[in-house]
Structures are given as C-alpha cells and as structure tokens.
Amino acid sequence: MHTDVSGVLVVIPTLNEATHIQAVLGGLVKEAPSFSSMRIVVADGGSTDGTIAIVNQVAQRHPQIALLHNPARIQSAAINLAARRYGQGADVLIRCDAHAAYPANYCRRLVESLDRTAALGGAMADAVVVPMDSAGKTCFQRAVAWVSNSPLGTGGAAHRAGRRSGFVDHGHHAAFRMDRFRASGGYDETFTHNEDAEFDCRQRALGARIYLDASIRVQYRPRGSARGLWRQYFAYGGGRSRTVRRYPGSLRLRQLAVPSHLVLSALALLVSPWWAWSLAWPAFYLLTLLGMSALLAVRHRSACGLLAGPAAAIMHTSWACGFLLGLITRRERRWRPTMVTPLGTGAAEVGS
C-alpha cells in the first residue's frame, strides 16, 4: 500500500445517528497512523438526537475529526460538500454511512484494493465498492436482514451478499480516487436516493472502472419498523426510476421484474370476477413468500423468520410503487457527457 502518498478523506453523512456514530468513529480513528494524512468529516444534516454533541466530544480527543454542517441534509450533498471543503491534498475519498458496522482496518484495506487492481486488467480501478450484509437486533430487523441477504430480496445483485470479486457496474460505495470523483462531478444533489447508482452510471460512461472487493464486507442495520421499511424502499424505487430514464441501459431484469409483478397482480385482481384463473399469479407469489418464511424460520431456528414474507412483500410493493410513481410524475433528461461539471466549480447540480 502506498501509505506515503495516500492522503485520505473519510466522509460520514449523518442525521440523527446518536446510537451508532461513536462506534463508527472509534473504529476509524484507529486507522489514522496508517496514512500520511487522514481527515474524518462528519457531515451532519441537522441532528436533534445528540449526534452533534457526541461528535464534538470525540473530536476533542481526536483532532483529525471535523464536524461539518450540511444544510441540504441529504447524503449526496454531504459527500460533495466535504470533498469541496476538505478534499485538497486527499488522494482517496472514502464514504462511510453511520447506520453500518465496518471491519477492522477498513480504510487501509480499501486503499490497498485500489492499488492492487492494477495487476488485474492493465488499468487500476477508479473506485472500490463492497458487499453489504444485513444484520438486525430486533425480531423484525432480523427478518428484514434475512430477506435482504437472499435472492428474493436482492435479485442476485453482486453487492448484496455476493462472494466474488471483480469489475462491476455498481456496488455499495466505499472508496474513490479523489481526482476521478471530482472530474465526474461528484454526486447529483437532486437525488435523495439512488445517488450511488446514478454516479456509477456516470463514472462508467466517462471511462472509470469500478471494482467489487468481496473480501471487504460492510454490515448494515435494516429499518426497525414496517413503516420505516416502506418509506425507505419507496424512496429507493423513486430514485431508480430517475436513474433508468437518465441512463436507459442501466435497467436490469431483476429491477424490471418487481414493478411488472405489481402491475400483473393488480390486473389479475381486477379481472378475477370474470376470469378466476388470473389469481394464479398472485397466489403463486403469496405461496412463495409463505415458503420463504417457513424456510428462514427453520434455517435460523427462530420464529422471527415468519416475518420474512411480510417484510419481502413490503420491500417489493413499496419499491414498485415508488418506481412506477416516479415514471409517471417526474421528467428526466437523458444524460450526455457534456452535462458534467467537475466538482469544485460551484455548480449545485450535475447531469440535470
């Protein structure tokens, strides 16, 4: 690893993360000696739960930590703002989300992975992404996590419980070469969700390479309520609808299957008074959910697995509703390379 030249900027977007932020910061500050310089920026969107006080307390003991107010509140704006304010002299930008747990030496391993990819295909990766494994504490969280780690919840996405490393189209964002991040325009701050997938589409269109390192795994904590899960996946679906219209070639079969299922099921219910066989499709879906619930309950030896079916139904239905509503209500221009404004010029938006 080229620690003598790797100045690292770590950015953690936060909004009411008092439960998790101290543990995340505690793990990151241990890595500071591994780099010639390391700055950890908590970009807070206006927390009211004590997050700011915790960050200030930790920063008093560790001067490499800085607290940055993010008036836009959303994650895309937080990363861009920190890169503008603290990115001078940083070779690598690392994104950490407070609602997650990270393995030991996370930052060092990311930088090593960036360097190591030079031997894999003749050109180094411009970004490293990682798989995300879900794990919960409450019964509902565990059910959501088990679904999220299964093909029914992920559709086979490589960055969700995948085990194979290699160059990919998209993954859970972890590390970027700062010069490439800036040149690609940073995140689009009009995106409240799916900003990572939109940015990956833009990076690849501009010639960047994205490497999934399956050996570096992040543990994610799912939402703890049905309402929170619905809102999260509804927003995910809306964000994806914008991305696929901006980059039509980015739509994957697993993503098309979810809204298609919802439309088919709705049509089946409408025509069922005249054609009872139309109910075969929604019945098959319900039986699949019941089977998955039973399987997960047995596999994990926990009655919490019985909540997996309802959790999957919430995830599928809310994502599809968000996606379809986004297609109907929002306009989106197809992206062109001439739309890119390098980060740092003062532009508020990219690609729009």
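A salt bridge is a side-chain nitrogen of Lys or Arg within 4 Å of a carboxyl oxygen of Asp or Glu. The model shown above is predicted, and it holds 14 salt bridges. One of them joins the side chains of Asp213 and Arg116, with N and O 3.0 Å apart. Asp213 sits in the loop between strand E10 (210-212) and strand E11 (218-220), whereas Arg116 belongs to helix H4 (residues 106-116), so this pair ties together parts that are 97 residues apart in sequence. The two partners can also be described by their accessibility. A residue is called buried under 20% relative accessible area and exposed over 50%, with partly exposed in between. Asp213 has 2% relative accessibility and therefore counts as buried. Arg116 has 44% and therefore counts as partly exposed.

Another salt bridge links Asp97 with Arg95, at 3.3 Å from N to O. Here Asp97 and Arg95 are both buried. As a general point, side chains of opposite charge can pair when their charged atoms come close.

Helix H9 (residues 195-205) offers a further example. Within this helix, Glu198 and Arg202 are four residues apart, about one turn of the helix. The two form a salt bridge in which the closest N and O atoms are 2.6 Å apart. Are these charged residues buried or exposed? Glu198 has 0% relative accessibility, so it counts as buried. Arg202 also has a relative accessible area of 0%, and Arg202 is buried. The pair belongs to something wider: salt bridges that share partners join Asp188, Glu198, Arg202, Arg242, Arg246 and Glu332 into one network.

Helix H9 also contains Glu195. With a relative accessible area of 5%, Glu195 is buried. What does Glu195 touch, leaving aside residues up to four places away in sequence? Its contacts are Gln75, Ser76, Arg95, Tyr187 and Asp188. Two of these names have already come up: Arg95 is the salt-bridge partner of Asp97, and Asp188 is a member of the salt-bridge network.

Arg242, another member of that network, has a second kind of neighbour. Arg242 lies over the face of Phe191, at 4.0 Å from the ring centre. A similar arrangement is found at Arg209, which lies over the face of Phe167 at 3.8 Å from the ring centre.

Rings can also pair with other rings. The structure holds 12 aromatic pairs. In one of them, the ring centres of Tyr102 and Tyr106 are 4.8 Å apart and the planes meet at 50°; the pair is therefore tilted, since only planes under 30 degrees apart count as stacked and those over 60 as edge-to-face. Both Tyr102 and Tyr106 are buried. Tyr233 and Tyr236 form an edge-to-face pair, with 5.2 Å from centre to centre and 70° between the planes. These two residues are three places apart in helix H10 (residues 226-246), so about one helical turn separates them. Tyr233 counts as buried because its relative accessibility is 12%, while Tyr236, at 30%, counts as partly exposed. Elsewhere, Phe176, Phe181, Tyr187 and Phe199 form one aromatic cluster. Tyr187 is thus found both in this cluster and among the contacts of Glu195.

The last stop is strand E1 (residues 7-14). Eight of its eight residues are buried, so the strand is largely enclosed by the rest of the structure. In a regular strand the side chains alternate between the two faces of the sheet. In E1, Gly7, Leu9, Val11 and Pro13 point one way, and Val8, Val10, Ile12 and Thr14 point the other way. Residues on both sides are buried.

Which strands pair with E1? One is strand E2 (residues 37-44), which runs parallel to E1 and is joined to it by eight bridges. Along this pairing, Val8 stands opposite Met38 in E2. Between the two strands the chain passes through helix H1 (residues 21-29), making a β-α-β crossover that is right-handed. Strand E4 (residues 92-95) also pairs with E1 in the parallel sense, over four bridges. In that pairing, Val10 stands opposite Ile94 in E4.

How values were computed
Residues are numbered from 1 along each chain as its sequence is written. This is a predicted model: local features need pLDDT of at least 70, side-chain atom pairs count only at pLDDT 80 or more; totals for chains, interfaces and linings use all residues. Side-chain values use heavy atoms; hydrogens and water are left out. Rings of Phe, Tyr and Trp (its six-membered ring) pair if their centres lie within 6.5 Å; planes under 30 degrees apart count as stacked, over 60 as edge-to-face and the rest as tilted. Buried means under 20% relative accessible area, exposed over 50%, partly exposed in between (1.4 Å probe, protein chains only). A charge sits over a ring if NZ of Lys or CZ of Arg is within 6 Å of the ring centre and within 35 degrees of the ring normal. Contact means heavy atoms within 4.5 Å. Two strands pair if DSSP finds at least two bridges between them. A crossover is right-handed if, with the strands pointing away from the viewer, the path from the first strand over the helix to the second runs clockwise.
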